Amino acid sequence: MKFFIDTANLDQIKDAQDMGILDGVTTNPSLMAKEGITGHDNIMKHYVDICNIVEGDVSAEVISTDVDGMIREGEALAELHDQIVIKLPMIKDGVKACKHFSSKGIKTNVTLVFSAGQALLAAKAGATYVSPFIGRLDDISTDGLNLISEIRHIYDNYGFDTQILAASVRHTMHVIDCAKIGADVMTGPLSSIEGLLKHPLTDMGLAKFLADYKKGN
Ligand code: G3P
């Protein structure tokens, strides 16, 4: 299972990278704005800064909603760095743009996916990644994890190569549940990854080992 971090915060990206477990980064316009990164040139520079920290794929989202604009923007993003993956919204023009890029061997991430049907379309268009938003489904009393199971089932039926990138992961149990279901990738905040470290018996056991070591010295 690949671990992506869902942030534009360089310190958090470095932190996850330093643990040696990071496989990539996802961003979106909201995450950029949250870090105060605004304006086209600053945003483009920030993508390059992120690529220079991590070794894996970095999703950069287009803001056009028409296919020509998406292709124009996507090409400019892909030029920035070879780690860039073009993130496209799940709308009809996004599917067309996805097909365009996948035919050229350029990586894509189809985002804002909330149904199995949308995920099927993304796979048909050759998306590298599909991003079902599990937390936002949970927010409206719909089972986000069930969507991951449905997509896994459908993709396995037909051997689609599109990787299921569980997005809008909010906490550590989402990570564990996505791993059980077989999501290919999860993207979440640093806290969702760090939560995997925690167990009181680990802390208690370590404290005892250290105390016992001191007794003998
Ligand atoms: O990866 C998608 C993500 O950024 C959305 O997360 O928490 O805003 O639903 P959230």
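Is His46 buried or exposed? In this predicted model, His46 has a relative accessibility of 7%, and because the cut-off for buried is under 20%, the residue counts as buried. You will find His46 in helix α3, which runs over residues 40-53. If you leave out residues up to four places away in sequence, the residues that His46 touches are Ala8, Leu10, Met32 and Ile37.

Two of those names lead us onward, since Ala8 and Met32 are also touched by Thr27. Thr27 is placed in the loop between β2 and α2, the latter spanning 29-34. With a relative accessible area of 0%, Thr27 is buried. Its list of contacts, again without residues up to four places away in sequence, also includes Asp6, Thr7, Tyr47, Ile50, Ser59, Ala60, Glu61 and Lys87. One of these partners, Ser59, offers its backbone oxygen to the side chain of Thr27, at 2.7 Å. The backbone positions can be followed as well: Thr27 and Val58 are 31 residues apart in sequence, while their C-alpha atoms are 7.7 Å apart in space.

Asp6, which Thr27 touches, brings us to the ligand. Asp6 is among the residues that surround the ligand, together with Asn28, Leu31, Phe133, Arg136, Ala167, Ser168, Arg170 and Thr187. The ligand sits in the largest pocket. Which side chains have a polar atom lying a short step from a ligand oxygen? For Asp6, an N or O atom of the side chain is 2.6 Å from an oxygen atom of the ligand. For Ser168, the corresponding distance from a side-chain N or O atom to a ligand oxygen is 2.7 Å. For Asn28, a polar side-chain atom lies 2.9 Å from an oxygen atom of the ligand. Taken alone, the ligand exposes 300 Å², and the protein buries 82% of that.

Let us now turn to helix α9, residues 172-181. Its buried residues are Thr172, His174, Val175, Asp177 and Cys178. What covers them includes the strands β1 (2-6), β7 (163-166) and β8 (185-188), along with the helices α7, α8 and α10 (190-194). Thr172 makes a good example to follow in detail. At 19% relative accessibility, Thr172 counts as buried, because that value falls under the 20% cut-off. The side chain of Thr172 reaches the backbone oxygen of Ser192 at 3.1 Å. Beyond residues up to four places away in sequence, Thr172 touches Ser191, Ser192, Gly195 and Leu196. At the other end of the story, Gly182 comes just after α9 and takes a positive phi of about 105°.

Positive phi values also turn up at residues that are not glycine. Ser141 has a phi of about 60° although it is not a glycine. Ser141 is found in the loop between α7 (134-139) and α8 (144-158), and at 71% relative accessibility this serine counts as exposed. Leu112 is another case, with a positive phi near 60° in a residue other than glycine. Here the setting is strand β5, residues 108-113, and Leu112 is partly exposed, with a relative accessible area of 34%.

What lies on the way into β5? Ile106 has its place in the loop between α5 (92-103) and β5. At 25% relative accessibility, Ile106 counts as partly exposed. Leaving aside neighbours within four places in sequence, Ile106 is in contact with Ala78, Ile86 and Phe101. Ile106 and Ala127 are 21 residues apart in sequence, and their C-alpha atoms are 9.4 Å apart in space.

A last stop is Leu22, in the loop between α1 (10-19) and β2 (24-26). Leu22 is buried, with a relative accessible area of 11%. Not counting residues up to four places away in sequence, Leu22 touches Phe3, Phe4, Ile5, Ile13, Ala16, Gln17 and Val54. Along the chain, Leu22 and Gly56 are 34 residues apart, yet their C-alpha atoms are separated by 7.9 Å.

Definitions and conventions:
Residues numbered from 1 in each chain as written. Predicted model: local features only at pLDDT ≥ 70, side-chain atom pairs only at ≥ 80, totals over all residues. Heavy atoms only, no water. Helix = DSSP H or I, 4+ residues; strand = E, 2+ residues; numbered from the N terminus. Buried < 20%, exposed > 50% of the residue type's maximum accessible area, 1.4 Å probe, protein only. Contact = heavy atoms within 4.5 Å. Near = heavy atom within 4 Å. Polar contact = N/O pair within 3.5 Å; in protein donor to acceptor, adjacent residues only side chain to side chain. Areas by Shrake-Rupley, 256 points an atom, 1.4 Å probe, with all protein chains shown as cover. 1 Å grid on protein atoms, 1.4 Å probe; cavity = no way out; pocket = protein on both sides within 12 Å on 5 of 7 lines; lining within 4 Å. Sits in = over half its atoms within 2 Å of the grid points.
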